[in-house]
Amino acid sequence: GGDMRPLSLKATGGAPPFRWFVDGAPVAADGWRREARWRPDGAGFARATVVDATGAAASVKFRLR
């Protein structure tokens, strides 16, 4: 539940500013940095996506325990 630690989401490449999403929901972050912090709300599968200034996107699916 709420005791899960925040995860760092990091991007390489691409053109800032970046927009971050987890399971389609926006993650509040400074778009000019290549890193965002996201706090999971529980265990299970999630998908993180980053979209750069050109509209290029990259996603990763992961499992939290």
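This note sets out points on the strand pairing, one residue of strand S2 and the nonpolar core of a predicted model.

1. Sheet order. The model contains an open sheet of 4 strands, arranged in the order S3-S2-S5-S6, with antiparallel pairing. Strand S3 (25-27) and strand S6 (57-64) are the edge strands, each of them pairing on one side only. From one strand to the next, the twist averages 30 degrees.

2. Pairing of S5 with S6. Strand S5 covers residues 44-51 and is joined to S6 by 8 bridges, the two strands running antiparallel. Two of the residue pairs can be named: Val51 has Ala57 in S6 as its bridge partner, and Val50 is bridged to Ala58 of S6.

3. The hairpin. The hairpin of S5 and S6 has 5 residues between the strands. Within this hairpin, Gly55 adopts a positive phi near 95 degrees. A colleague inspecting the backbone may wish to view this residue together with the bridge between Val51 and Ala57.

4. Pairing of S2 with S5. S2 and S5 also run antiparallel and are joined by 4 bridges. Trp20 has Val50 in S5 as its bridge partner. Val50 in turn has a bridge partner in S6, namely Ala58, and Trp20 and Ala58 are thus linked through Val50 across S2, S5 and S6.

5. Phe21. This residue lies in strand S2, which spans residues 19-22. Is Phe21 buried, partly exposed or exposed? Its relative accessibility is 21%, and because buried requires a value under 20%, Phe21 counts as partly exposed.

6. Surroundings of Phe21. Leaving aside residues up to four places away in sequence, Phe21 touches Pro26, Val27, Arg47, Ala48, Thr49 and Val51. One of these, Ala48, is 27 residues from Phe21 in sequence, yet the C-alpha to C-alpha separation is 5.7 Å.

7. The nonpolar core. The largest nonpolar core comprises 14 residues. Which of them touch the most other members? They are Leu9, Trp20, Val22, Val27, Trp38 and Phe62. At least two residues of this core come from each of S2, strand S4 (35-38), S5 and S6. S5 gives the most, with 3 residues. In soluble globular proteins, nonpolar side chains tend to be buried together.

8. Points in common. Trp20 appears both as the bridge partner of Val50 and among the core residues that touch the most other members. Val27, another of those core residues, is also touched by the partly exposed Phe21.

Notes
Residues are numbered from 1 along each chain as its sequence is written. This is a predicted model: local features need pLDDT of at least 70, side-chain atom pairs count only at pLDDT 80 or more; totals for chains, interfaces and linings use all residues. Side-chain values use heavy atoms; hydrogens and water are left out. Two strands pair if DSSP finds at least two bridges between them. Axes are lines fitted to C-alpha atoms, for helices over the stretch in contact, and angles run from 0 to 180 degrees between N-to-C directions. Buried means under 20% relative accessible area, exposed over 50%, partly exposed in between (1.4 Å probe, protein chains only). Contact means heavy atoms within 4.5 Å. A nonpolar core is a set of buried Ala, Val, Leu, Ile, Met, Phe, Trp, Tyr and Cys residues joined through side-chain atoms within 4.5 Å.
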